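Trainee: Could you take a close look at one part of this model with me, starting from a single residue and working outwards? I'd like to know what is tucked away and what is out in the open.

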Amino acid sequence: MPDSIAKIVQRMQANPGNISFSGLCKVCDYYFGKPRQDRSSHRIYKMPWPGDPRINIQNDKGKAKAYQVKQVLKAISKLEAQDGNKTDETN
């Protein structure tokens, strides 16, 4: 993971209410790939699991909404857990 992404994730964990929308977009692009929908105020990312397989983030005057930052952190944790399980299965 690039240092810039790691620093943004650390800030997200420390203070989810003070994250720039562009920073959240960088993190989401890194973890989830290109958004399937990219409008000026909303981005929708497809998740690789069943259920509600999307993350929707929106620009609120240059800032990300805190509850959406928390959703992204939760999705990153789930994604990393899945990747860890795949690694464990091959050993």
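**Starting from one cysteine**

Mentor: Let's start with Cys25, which is buried, its relative accessible area being 5%. Buried means under 20% relative accessible area, exposed means over 50%, and partly exposed lies in between (1.4 Å probe, protein chains only). Keep in mind that this is a predicted model, where local features need pLDDT of at least 70, side-chain atom pairs count only at pLDDT 80 or more, and totals for chains, interfaces and linings use all residues. Residues are numbered from 1 along each chain as its sequence is written, and side-chain values use heavy atoms, leaving out hydrogens and water.

Now, how many disulfides are there? The count is zero, with a disulfide taken as a pair of cysteine sulfur atoms within 2.5 Å. For Cys25, the nearest cysteine sulfur belongs to Cys28, 6.7 Å away. Turn that around and Cys28 is in no disulfide either, with the sulfur of Cys25 as its nearest, at 6.7 Å. Cys28 is buried too, at 0% relative accessibility.

Moving on to Asp29, you'll find this residue in helix α2, residues 21–32. Helices (H or I, at least four residues) and strands (E, at least two) are DSSP runs, numbered from the N terminus. Asp29 is partly exposed, at 33%. Leaving aside neighbours within four places in sequence, Asp29 is in contact with Pro35, Arg43 and Tyr45, where contact means heavy atoms within 4.5 Å. Tyr45 lies 16 residues from Asp29 along the chain, yet their C-alpha atoms are separated by 8.4 Å.

Next comes His42, which sits in strand β2, residues 42–46. His42 counts as buried, though at 19% relative accessibility. Setting aside residues up to four places away in sequence, His42 touches Gln37, Asn56, Ile57 and Gln58.

Let's step over to helix α1. Its 12 residues, 3–14, should span 16 Å at 1.5 Å a residue, and the end C-alpha atoms are indeed 16 Å apart; the expected span is 1.5 Å times one less than the number of residues. Which residues of α1 are buried? They are Ile5, Ile8, Val9 and Met12. These cover an arc of only 100° around the axis, so they sit on the same side of α1; that arc is taken from the directions from the helix axis to the C-beta atoms. Asp3, Lys7, Gln10 and Ala14 are exposed on the other side of α1.

One loop residue is worth a glance: Lys61, between β3 (54–60) and β4 (63–64). Lys61 is exposed, at 82%, and its phi is near 55°, a positive value in a residue other than glycine. Most residues other than glycine have a negative phi.

Finally, the whole chain. It has three helices and four strands, running α-α-β-β-β-β-α from the N terminus on. Of its 91 residues, 35% are buried. The average pLDDT, the predictor's confidence in each residue from 0 to 100, is 86, and 89% of the residues score at least 70. Over residues 86–91, though, the pLDDT is below 50, and that stretch has zero contacts in the model beyond near neighbours in sequence. Where pLDDT is low, the predicted coordinates should not be read in detail.
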